[in-house]
Amino acid sequence: MKKQEHTVYRAIGEYVIADIRERQLAPGQLLPSVRELATRFRVSVRTAHRAVDWLHEKGVCYRIPQKGIFLAQPPEESPRGSAVAVGVYSQFGFGDDFERCIPLRLFNAIRNYCAVHGKQIVQFQHLDEALLGHYSQKLGLLDAVILLTLDDFSPVPAWARRFANVRFVVANYAYSGFDDTPENVLGVFNDDFGGARRMTEYLLWRGMTAIAFVLYDIGDQNYRNRTAGFLDAVREAGCEEQCRVLWLHSEYQSKQWRDFDDFLADCGKPVEVVFCACDTMLAMFRSLPPGPSGRRPLLAGYDNFYPRYTTADGMPMVEPDFAGIGEKSAEVAFTGGNVTKVTRIEPKLLLPDALGTT
């Protein structure tokens with residue numbers, strides 16, 4: 001049985017039990033079939049079958065071949081504490097592609113938190129208002145939902161207003177209007193401003209004052225935060241004249257430099273370090289050859305999704321603390337109460353041995 005199934009089937013079983021109580025069904029009445037449960041909860045037939053097995057083990061139902069599943073006896077009341085309290089939804093799903101994305105690293109941290117603190121979670125393969133209603137209102141099983149999302153934030157404020165008793169904890173998402181959301185929408189984010197500022201401070205401390213900060217789309221909130229962190233450190237050090245920000249959109253986004261000499265000519269000023277705002281940018285500059293002059297600035301940057309590079313490549317990097325974001329998201333989801341609207345987790349500064357440590 002897959003790991004994500006073991007709490008899902010239990011939640012489905014709890015739903016069936018709550019439905020039996022609500023409808024005051026009598027022994028011998030027909031219950032939903034495996035396929036009906038699979039369709040209703042948008043899960044595999046295997047998971048729905050396991051839910052029925054769980055009900056059968058509890059003595060709630062019995063099967064008659066070719067006829068269906070029937071109520072054996074009304075289930076006894078169970079304490080609220082046994083129910084699933086927190087759901088986790090990833091816009092990327094939990095399949096093979098999930099293995100290489102940010103959500104897996106966040107989810108592993110959430111799962112570790114639950115293992116240490118004896119908590120249970122249910123993984124949602126799909127999330128909509130109907131499913132939230134089933135779990136939070138009909139079953140009374142849902143206290144919070146952790147959303148591992150990058151760009152699918154739009155329905156969350158409406159859900160939060162509809163289900164005011166549920167906490168919606170959004171992990172690793174930078175949203176400019178986040179503070180205007182309902183009080184039950186909480187965020188645990190990577191501190192992009194602090195990460196870029198810390199890296200810039202380190203480079204300046206090493207005596208590297210001619211820095212080109214390169215990013216793609218300045219309209220992205222994450223990039224805006226990183227740019228602000230870079231500029232804040234540069235201004236404080238009084239190095240604005242030596243440094244430059246290059247926004248690689250419009251004219252630059254489609255430009256292909258032949259080599260570093262070509263790039264440095266575009267910069268229009270000496271460059272000791274190219275600070276790349278994301279791992280995609282880092283990959284592009286890493287593949288750029290030196291020109292006839294042999295000049296090749298030090299590369300530094302963010303590594304966002306999965307560890308594509310290490311300090312063995314000779315590059316200082318900023319890496320979001322995904323374990324810290326995941327653990328804090330779980331803590332906020334389970335504890336509730338007096339929590340901060342937005343929590344920003346300080347990223348890690350990874351340095352190659354040749355550059356020393358801070």
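**Exercise 1. Find the residue that caps the N-terminal end of helix α9, and say which atoms are involved.**

*Solution.* Keep in mind that this is a predicted model.
- Step 1: Go to α9, which spans residues 260-267.
- Step 2: Look at D259, the capping residue at the N-terminal end of α9. One of its side-chain oxygens sits 3.1 Å from the backbone nitrogen of D261.
- Step 3: Now check what follows the helix. Just after α9 comes G268, with a positive phi of about 80°.

**Exercise 2. Work out how many of the residues in α9 are buried, and list them.**

*Solution.*
- Step 1: The yardstick for buried is under 20% relative accessible area.
- Step 2: Six of the eight residues in α9 pass that test, so the helix is mostly covered.
- Step 3: The names to tick off are F260, D261, D262, F263, L264 and C267.
- Step 4: For the wider picture, 53% of the 358 residues in the protein chain are buried.

**Exercise 3. Describe how α7 and α8 cross: what are the distance, the angle and the handedness?**

*Solution.* Two packed helices are described by the angle between their axes and the distance between the axes, and that's the recipe here.
- Step 1: Pick out α7, residues 192-205, and α8, residues 221-237.
- Step 2: Their axes come within 7 Å.
- Step 3: The crossing angle is roughly 35°, and the crossing is right-handed.
- Step 4: Sort the contact by class: eight nonpolar, four polar and six charged residues.
- Step 5: Put names to the two sides. From α7 come D192, F193, A196, R197, T200, E201 and L204. Among their partners in α8 are N222, N225, R226, A228 and V234.
- Step 6: Look at the spacing of those α7 residues with the helical repeat in mind. An α-helix has 3.6 residues a turn, so residues three or four places apart point the same way.

**Exercise 4. Zoom in on R197: is it buried or exposed, and which side chain does its own side chain make a polar contact with?**

*Solution.*
- Step 1: R197 lies in α7.
- Step 2: Its relative accessibility is 14%, so R197 counts as buried.
- Step 3: Follow the side chain of R197 to that of E236; the two make a polar contact at 2.6 Å.
- Step 4: Setting aside neighbours within four places in sequence, R197 also touches G229, F230, D232 and A233.
- Step 5: Tie this back to the helix pair: R197 and E236 both appear in the contact of α7 with α8.

**Exercise 5. Place A210 and find which residues it is in contact with, leaving aside neighbours within four places in sequence.**

*Solution.*
- Step 1: A210 sits in the loop between α7 and β9 (211-215).
- Step 2: A210 is buried because its relative accessibility is 9%.
- Step 3: Beyond its neighbours within four places, A210 is in contact with Q242, P270, V271, E272 and V273.
- Step 4: Check R244 as well. It is 34 residues from A210 in sequence, yet the C-alpha atoms are 8.0 Å apart.
- Step 5: Compare with the whole chain. Of contacts with a separation of 6 or more, 70% join residues 24 or more positions apart.

**Exercise 6. Take F322 and S329 in α11: how accessible is each?**

*Solution.*
- Step 1: α11 covers residues 322-335 and includes F322; S329 is found there too.
- Step 2: F322 has a relative accessible area of 3%, so it is buried. S329 is buried as well, at 0%.
- Step 3: Leaving out neighbours within four places, S329 is in contact with I146, V169, A171 and V188.
- Step 4: A171 turns up again when you look at F322: the pair is 151 residues apart in sequence and 9.5 Å apart in space, C-alpha to C-alpha.

**Exercise 7. Compare Q66 with Q123: which one is exposed, and which is buried?**

*Solution.*
- Step 1: Q66 is in the loop between β2 (61-64) and β3 (68-71), while Q123 lies in strand β5, residues 121-124.
- Step 2: Q66 has a relative accessible area of 84%, so it is exposed. Q123, at 7%, is buried.
- Step 3: Check the backbone of Q66: phi is positive, about 70°, although the residue is not a glycine.
- Step 4: For Q123, the C-alpha distance to F107, 16 residues away along the chain, is 9.8 Å.

Definitions and conventions: Residues numbered from 1 in each chain as written. Heavy atoms only, no water. Helix = DSSP H or I, 4+ residues; strand = E, 2+ residues; numbered from the N terminus. Buried < 20%, exposed > 50% of the residue type's maximum accessible area, 1.4 Å probe, protein only. Polar contact = N/O pair within 3.5 Å; in protein donor to acceptor, adjacent residues only side chain to side chain. Contact = heavy atoms within 4.5 Å. Axes fitted to C-alpha atoms, helices over the stretch in contact; angles between N-to-C directions. Left-handed = near helix turned anticlockwise from the far one by under 90°. Nonpolar A, V, L, I, M, F, W, Y, C, P; charged D, E, K, R; others polar.
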